[in-house]
Protein chains: 2
Amino acid sequence: MSSTRPSRRGVLTGAAVLGAGGIGAGAGALASRPAAGSPAPARTVAFHGDRQAGITTPAQDSLVFAALDVTTRRVGDLADVLQRWSAAAATMTTGVPVGGPGGVGGAAEEPPQDTGEAHELPAANLTVTLGYGPSLFDERFGLADRRPAALEELPALPGEQLDPTKVGGDLCLQACADDPQVAFHAVRNLVRIGRGTVRVRWMQLGFGRTSTTSTAQSTPRNLMGFKDGTANVRAEDTADLEEFVWVGGRGAPAVDQEWMRGGTYLVARRIRMLVESWDRAPLGEQERVIGRAKESGAPLSGTGEFDALDLDRTVGGKPAIDVAAHVRLAAPETNGGVKMLRRGYSYTDGLDLATGQLDAGLFFIVFGNDPHQQFVPVQRKLGSQDALTEYLKHTGSGIFACPPGVRPGGAWGAGLFS
Amino acid sequence: MSSTRPSRRGVLTGAAVLGAGGIGAGAGALASRPAAGSPAPARTVAFHGDRQAGITTPAQDSLVFAALDVTTRRVGDLADVLQRWSAAAATMTTGVPVGGPGGVGGAAEEPPQDTGEAHELPAANLTVTLGYGPSLFDERFGLADRRPAALEELPALPGEQLDPTKVGGDLCLQACADDPQVAFHAVRNLVRIGRGTVRVRWMQLGFGRTSTTSTAQSTPRNLMGFKDGTANVRAEDTADLEEFVWVGGRGAPAVDQEWMRGGTYLVARRIRMLVESWDRAPLGEQERVIGRAKESGAPLSGTGEFDALDLDRTVGGKPAIDVAAHVRLAAPETNGGVKMLRRGYSYTDGLDLATGQLDAGLFFIVFGNDPHQQFVPVQRKLGSQDALTEYLKHTGSGIFACPPGVRPGGAWGAGLFS
């Protein structure tokens, strides 16, 4: 589909999705975690606003991601669920049960409106973010002419071995919170509200560093043990957000669907790390593959974690950062300068029964206003050239259009269905 | 096997494993979480001591549980792994990488000793607890005559529908920490150390309430939305621990294997909650099934969460606590007064692909010095009479003998192999 859309950056566009400290730590990717020493974050994140929360919100500790399918053909039922979801999400993100403060109780002859497991827990910075998958715009709901051109299924990419049970979806819900029970509660209750109209297609739990117990660690480490997010652009880098993330932002591609103005696209990739192989690799090999020092996070061309990459530097006649190093191939400098906003969580789902090895890695979420010119070309390059690819396998995938935020009194879907 | 062992409590022995607020919240079960208002817990839990940590330690926020099989027949290799595990666990529980402070780095030509993802994270109250399964005492290692009589496979029990990939194991490792990445790191590194000698058979992640963000909630709620742990006996109830938990404690059954003195038995049950059915049940039905009020946690015979059960109280000629209510059937009063120490974590593993329903519930760990007289009879009764059973399915199971603690300079396995 890239040929059908204007590229704003000439031939070599792409995005530094994957970079700094391993997979998903683009030298130009955008911030998703508070820096060490920053004040304790507020306990609630506003649900209403021009943008959806959970995109530039500093990454909370826990993720529950659900892809869902719509099981009705009545578009009114879908719109009704989205409206009820908006009300429930607005309530839950303030730490209040679905249905209001009494939602866990109520009349004896009725099921409670709220399932109750988060009752008396704080909001824990809960955010709930909605996305629409390409399949929502098929013939079922009369939405075909409302599909943005950028919302096209991802092409086959090198390095992937997708599990068909972890791909796609008509909708997605991303719940993030500093308490896993709060994040789970949100998704569970939205799924419950949608019963009969939507059903879960696949789900993923993720964990990050727990910031409340890790003030000493400025940049969290992924399951390869490398710092991940060093060069992530911060949420306050508004010019980058305008150009690379928000649909219709300053410097962004032209808007083809007005209802998406102020939204963004979400690409989710379940990236399994072959940790047994990785753990057997010598330190020097690990650092060559990533292009950074493991302990400090410094690029191999420098000495400090936050030193800029020097891709031209040589040591003893050889490039300090290997030609196949992940940070080189993922760097904005080698990808037309494009940046994206990422939000990665470690995951482990126990054993892969086929091999007896750990099924663990990174659940990689990336936001951008032009995924087929940002994520796709970079991943195509990484999948074929990156030395890290030997240790990774993409096993799940989805692309979703995240509409702009819900204004007070409004609802998800209002723009799409109006 | 119960007929071959003396019962110390007459005909009706059993344990209030399951009770107060739902599954696993026995009216007589033992404490596993700090009470609200208690001071912030210390950040490290001592690894060495007379008892293993992670048993009476107040439950941390996250669990990684692994059952493992031994893949060698050389008992010396197994003893060697246990020794190396002891050293690694002692190090990791102080927040230091495996191999010491430099363990994430080292020589370029060697794999680092530590995988690194917990580097710079605090210890987060990490505990690592080891158990031996009955199968370890088969013919392979010459340990048959060292098997305690209590370490016998669990019989078939009503209400279970076990997944054969989540049952049994020669060994278990229970890692608990206030940061999921710290708990995962511990198990991953121990598994790595044991490679070639042991391999993971099954694994389970669990989450609880996140105590660091939930000072308002004294008793956490399980995924049925009920308070769970109200009547859990606290770690300071040393007389109960002696009688019901520690092997060789005051009032406990006679010790048949000296190496187990000061240890205990761990029963793990993966209890799936049929949350979709539960969520459709009216509040009155949910409360009748549990025997407690959902909002307050008070028994239906009283008004306050911590009121004692009054099993004889009637309201309008009917028992205030239903004859089939979970708290009645699980109460010590109806089970010969027996208590056990429990440590429950919520879990969710995404979707059950066969039904499209959530695979979520309680990973229930219970400690006791006489599991076939404690857990087994109570579960047999609950599985056949408890109104709650309709909403539950036991899908995973294991029993393990947890030896006493490791003294400084000692190692796991020292008692067993000596």
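A residue is taken as buried when its relative accessible area is under 20%, and in this predicted model Q52(A) counts as buried because its relative accessibility is 5%. The residue is placed in the segment of chain A that comes before strand β1 (62-70). Leaving aside neighbours within four places in sequence, Q52(A) is in contact with V128(A), T129(A) and L130(A), and also with C402(A), P403(A), P404(A), G405(A) and W412(A). Two of the polar approaches of this residue can be described in detail: a polar atom of the side chain of Q52(A) lies 2.8 Å from the backbone nitrogen of L130(A), while the side chain of Q52(A) also makes a polar contact, at 3.1 Å, with the side chain of W412(A).

The chain in which Q52(A) sits has 8 helices and 10 strands. Chain A comprises 418 residues, of which 63% count as buried, and it exposes about 13,800 Å², with carbon and sulfur atoms supplying 52% of that area. When contacts in chain A between residues at least 6 apart in sequence are considered, 80% of them join residues that are at least 24 apart.

Attention may next be given to two residues with an unusual backbone angle. A124(A) has a positive phi of about 55°, although this residue is not a glycine, and its place is in the loop between helix α1 (75-92) and strand β2 (127-132) of chain A. With a relative accessibility of 1%, A124(A) counts as buried. In chain B, N125(B) lies in the loop between α1 (75-92) and β2 (127-132), and its phi, near 60°, is likewise a positive value in a residue other than glycine. N125(B) is buried as well, since its relative accessible area is 5%.

Helix α3 of chain B, which spans residues 238-245, contributes several buried residues, namely D240(B), L241(B), E242(B), F244(B) and V245(B). The cover over the buried residues of α3(B) includes three strands of chain B, which are β5 (264-273), β8 (341-352) and β9 (357-368).

The arrangement of the two chains was examined by superposition. Chain B can be laid on chain A with an RMSD of 0.0 Å by a turn of 180° together with a shift of 0.0 Å along the axis, which means that the two are related by a two-fold axis. The same surface serves both copies, as 100% of the contact residues of chain B recur in chain A.

Where the chains meet, 67 residues of chain B are in contact with 67 residues of chain A, and the area buried between them is about 5,400 Å², of which carbon and sulfur atoms give 58%. Between chain B and chain A there are 4 salt bridges and 21 residue pairs in polar contact. One salt bridge is formed by R188(A) with D279(B), whose closest N and O atoms are 2.8 Å apart. On the side of chain B that touches chain A, the elements giving two or more residues are the helices α2 (180-193), α4 (275-280) and α5 (283-290) and the strands β4 (198-207), β8 and β9. Among these elements, β4(B) gives the most to that side, with 6 residues. Strands β8 and β9 of chain B thus appear in two settings, for they belong to the cover of the buried residues of α3(B) and also give residues to the side that touches chain A.

Note on methods. Residues are numbered from 1 along each chain as its sequence is written. Chains are lettered from A and ligands numbered from 1 in the order in which they are written. This is a predicted model: local features need pLDDT of at least 70, side-chain atom pairs count only at pLDDT 80 or more; totals for chains, interfaces and linings use all residues. Side-chain values use heavy atoms; hydrogens and water are left out. Copies are superposed by least squares on the C-alpha atoms of residues with pLDDT of at least 70 in both. Contact means heavy atoms within 4.5 Å. Helices (H or I, at least four residues) and strands (E, at least two) are DSSP runs, numbered from the N terminus. Buried means under 20% relative accessible area, exposed over 50%, partly exposed in between (1.4 Å probe, protein chains only). Accessible areas come from the Shrake-Rupley method with a 1.4 Å probe; for residues, only the protein chains shown count as cover. A polar contact is a pair of N or O atoms within 3.5 Å; within protein, one must be able to donate a hydrogen and the other to accept it, and residues adjacent in sequence count only if both atoms are side-chain atoms. Buried area is the accessible area (1.4 Å probe) that two parts lose on being put together, summed over both. A salt bridge is a side-chain nitrogen of Lys or Arg within 4 Å of a carboxyl oxygen of Asp or Glu.
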